[in-house]
Amino acid sequence: MRTKYKPWAKPYLEEHNEVQVTEEVLSTLDNLYLEIGSGKGQFLVEMSKKNPARNYLGIERNVTCAGFTAKKLVEDEITNAKLLYMDAEKALSIMKEKSVNILYLNFSDPWPKTRHHKRRLTSDRFTSLYKKVLKDDGVIIQKTDNLELFNFSIETFLEAGFKIIEEDRNYMLDDEDVLTEYEEDFRSKNLPIYRMKVSL
């Protein structure tokens, strides 16, 4: 499901720097709960409401999705979550080492063609960056509707030296989690959701 381009999104982002972080600030942030690919922001906003003592950061490179996220943060007056409109690989390279408590990968693009697998957020180019930013006791949580991506991710995480601490191939929402926009749609169609937790 590709998000249709909205011409208002970029001007809105430019007008609302208060809900965003800059490259300079990014390198100093610590004690984060990080979502890569925050989409339209539902997960980021609802998790920040559920856990007001935590500091959330959502990374999103699609301008329209980033615009929707910014709009939710502004309208709901969220103070413990920020948006970073940037490519994730660049952002991770800038971030402070061992600054992330939990890293969320929610319904990432599966890039189904073999030649595009290197673009997946669980390919080795990303797992090495996750090892840099994740705290020693930090956790990565991945949710997806794509079984092939799920199996690929298990393999790449293990190859990178991560441990699989939870693997659920018919995941039902737990008390610590909230639904994403994609997840609402998939669950309405009775499609299985796959989730794993990994640690160093």
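The legends below describe an overall view and close-ups of a predicted model.

**Figure 1. Overall view of the chain, with eight helices and seven strands.** The C-alpha atoms occupy a box of roughly 40 × 40 × 35 Å along the principal axes. A compact globule of 200 residues would have a radius of gyration near 16 Å, and the value for the chain, 16 Å, agrees with this. Of the 200 residues, 50% are buried. Among contacts with a separation of 6 or more, 78% join residues 24 or more positions apart.

**Figure 2. Surface and charged side chains of the chain.** The accessible surface amounts to about 10,000 Å², and carbon and sulfur atoms contribute 50% of it. There are 31 positive and 34 negative side chains. The centres of these two sets are 4 Å apart.

**Figure 3. Close-up of the aromatic pair Trp8 and Phe68.** The chain has nine aromatic pairs by the ring-centre rule. In the pair shown, Trp8 and Phe68 are edge-to-face, with 5.2 Å from centre to centre and 90° between the planes. Trp8 belongs to the segment before helix H1 (9-15), whereas Phe68 belongs to helix H4 (residues 63-75), so the pair ties together parts 60 residues apart in sequence. Tyr12 joins Trp8 and Phe68 in one aromatic cluster. Trp8 has a relative accessible area of 30%; this value lies between the limits of 20% for buried and 50% for exposed, so Trp8 is partly exposed.

**Figure 4. Close-up of helix H3 (residues 42-50) and its buried residues.** Gln42, Phe43, Leu44, Val45, Met47 and Ser48 are the residues of H3 shown as buried. The partners against which the buried residues of H3 pack include two helices, H4 and H8 (181-188). Strands E1 (32-36), E2 (55-60), E3 (81-85) and E4 (100-106) also pack against these buried residues.

**Figure 5. Close-up of Val100 in strand E4.** Val100 has a relative accessibility of 0% and therefore counts as buried, the limit being under 20%. With neighbours within four places in sequence left aside, Val100 contacts Leu32, Leu34, Met95, Val133, Leu134, Lys135 and Gly138. Tyr130 lies 30 residues from Val100 in sequence, and the C-alpha atoms of Val100 and Tyr130 are 9.0 Å apart in space.

How values were computed: Residues numbered from 1 in each chain as written. Predicted model: local features only at pLDDT ≥ 70, side-chain atom pairs only at ≥ 80, totals over all residues. Heavy atoms only, no water. Helix = DSSP H or I, 4+ residues; strand = E, 2+ residues; numbered from the N terminus. Rg over C-alpha atoms; globule rule 2.2 N^0.38 Å. Buried < 20%, exposed > 50% of the residue type's maximum accessible area, 1.4 Å probe, protein only. Contact = heavy atoms within 4.5 Å. Areas by Shrake-Rupley, 256 points an atom, 1.4 Å probe, with all protein chains shown as cover. Lys, Arg positive; Asp, Glu negative; His and termini not counted. Charge placed at Lys NZ, Arg CZ, Asp CG, Glu CD. Phe/Tyr/Trp six-rings, centres within 6.5 Å; stacked < 30°, edge-to-face > 60°.
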